[in-house]
Amino acid sequence: MKFNTKTIHAGQKPEETSGAVMPPIFQTSTYAQQAPNVNKGYDYARVGNPTRTALEKLIAGLEDADECACFASGCAAMDAVLKMFRPGDHIIASNDLYGGSYRLFTKVFEPMGIDFSFIDMTSMQAVQKARTEQTKLLWIETPTNPLLRIVDIEKLTSFAREHDMLSLVDNTFASPYLQQPLNLGADMSLHSTTKYLGGHSDVIGGAVATSNSEVMEQIRFQVKTTGAVPGPMDCYLTLRGIKTLSVRVQQSVENAKKVATFLDKHAQVDRVIYPGLESHEQHEIAKKQMKDFGAMVSFSLKDDSQEKAQEFMSRTSIFTLAESLGGVESLVSHPASMTHGSIPKEVREKAGLKDSLIRLSVGIEDADDLVDDLAQAFE
Ligand SMILES: *Cc1c(COP(=O)(O)O)cnc(C)c1O
């Protein structure tokens, strides 16, 4: 089955008792058993729920994975993955990554004895230098957030395999429509389904897809034991959102290209970061590993101050000032004070995150209106 067909059909046969075309919302906490431990595949809803199963099969299909486990949030999915590791284990992650990942790593797992190195993962040398005998996982985020660097997934995952490390790609920014990490050698692809998969800014969720059965066994154990599971209504909303993933993401990407081109020529703009621009440092890698260049655009102002950036953002009207991304509506945010506020200023600056950096999540509105909105905010 090709990708666009999978978004509609993977994991979703009409329901058996009624023929309902859409997966029903199984709002139940438990299931009748024919005899002790004889059941129809479900015994208790922390462990499993048919609406959740439909979503898991769908995302596994999109990621070309054998299996997928869904969670109550992207952060819960990350938490479950990290609980596979033990004190003394070492994880290499990007120095430019989702702020909530950084907080989870440094405030929850570092105090428990897991070591992290935060480095520029676009540099193979930096990755080689950071690796120790204790390194168990490469945590790859690409495009990175908010600097939209592109990490070469194939190169890093083959390095991971050579040295007996696992590799994970946080695929939230690209979505499986644009990038399929397992096909590039990754062991796990992780999502905040809150973003492009859900796509309508109305539900929080997370997922981990993998074809590594040992990894999945441990993740399923976490699902059952710590129970950060999504409710059936949330699974339904995400299932519904994914139906239009291809058309939404493609339209967002077309719009993002127009927005990036406009910003690139604007006199008040210092630098536009968009993987689709030839000036982007890893443009060629993006071309190689992504179907298209994504719908996130970051830019900094010539006048590099938080005040100037905040002034700009308070003047947009179609771009809503909000955290998050990946919905049908366009959003604008200020990473230094919002999503990345929990990262210390020195760490931010070392990673190249300027005070005036503005991040756009481009939606599916008319591109002309989006460009006009930005143009008037500069004036
Ligand atoms: C939002 C996000 C997360 C966290 O997901 P939640 O659903 O908000 O818990 C993780 N990684 C990336 C890249 C994200 O954008």
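Strands E1 and E7 run antiparallel and are joined by five bridges. One place to see this pairing is Glu67, which stands opposite Thr210 in E7. The model shown here is a predicted one.

These two strands belong to an open sheet of seven strands, with the order E1-E7-E6-E5-E4-E2-E3 and mixed pairing. Its edge strands are E1 (67–71) and E3 (115–119), each of which pairs on one side only. On average, neighbouring strands of this sheet are turned by 20° against each other, direction ignored. Strands of a sheet pair through backbone hydrogen bonds, and the pairing can be parallel or antiparallel.

Strand E6 (residues 188–192) shows what mixed pairing looks like. Three bridges join E6 to strand E5 (residues 166–170), and this pair runs parallel. Here Leu168 stands opposite Met188 in E6. With strand E7 (residues 206–210), E6 pairs in the antiparallel sense over five bridges. In that pair, the bridge partner of Ser189 is Ala209 in E7.

Is strand E6 enclosed by the rest of the structure, or left open? Five of its five residues are buried, so E6 is largely enclosed by the rest of the structure. Both faces of E6 are covered. Met188, Leu190 and Ser192 are buried on one side, and Ser189 and His191 are buried on the other.

Helices lie across this seven-stranded sheet. Helix H4 (residues 99–109) lies across strand E2 (90–94), E3, strand E4 (135–141) and E5, and runs at about 150° to E3. Helix H6 (residues 153–162) lies across E4 and E5, running at about 170° to E4.

The next helix to look at is H9 (residues 232–242). Its buried residues are Pro232, Cys235, Tyr236, Thr238, Leu239, Gly241 and Ile242. Among the elements that cover them are helix H1 (3–9), helix H2 (50–62) and H10.

The loop between H1 and H2 contains Ala32. Is Ala32 buried or exposed? Its relative accessibility is 74%, so Ala32 counts as exposed, the cut-off being over 50%. From Ala32 to Tyr274 there are 242 residues in sequence and 53 Å in space, C-alpha to C-alpha.

Helix H10 (residues 245–264), which helps to cover H9, also meets helix H14 (residues 367–378). The axes of H10 and H14 come within 9 Å and cross at roughly 30°. Because angles under 35 degrees count as roughly parallel, H10 is roughly parallel to H14. H10 passes H14 in a right-handed crossing. On the H10 side, the residues in contact are Asn255, Lys258, Val259, Phe262 and Leu263. On the H14 side, they are Ala367, Leu370, Val371, Leu374, Ala375 and Phe378. By class, this contact has nine nonpolar residues, one polar and one charged.

There is also an open sheet of five strands, with the order E8-E9-E12-E11-E10 and mixed pairing. Strand E8 (269–273) and strand E10 (320–321) stand at its edges. Each has a single partner strand, so one side of each is left without a neighbour in the sheet. Within this sheet, strand E11 (residues 331–333) and strand E12 (residues 358–361) run antiparallel and are joined by three bridges. Leu331 has Ser361 in E12 as its bridge partner.

Note on methods
Residues numbered from 1 in each chain as written. Predicted model: local features only at pLDDT ≥ 70, side-chain atom pairs only at ≥ 80, totals over all residues. Heavy atoms only, no water. Axes fitted to C-alpha atoms, helices over the stretch in contact; angles between N-to-C directions. Helix = DSSP H or I, 4+ residues; strand = E, 2+ residues; numbered from the N terminus. Parallel < 35°, antiparallel > 145°, perpendicular 65-115°, else oblique. Left-handed = near helix turned anticlockwise from the far one by under 90°. Contact = heavy atoms within 4.5 Å. Nonpolar A, V, L, I, M, F, W, Y, C, P; charged D, E, K, R; others polar. Pairing = 2+ DSSP bridges. Buried < 20%, exposed > 50% of the residue type's maximum accessible area, 1.4 Å probe, protein only.
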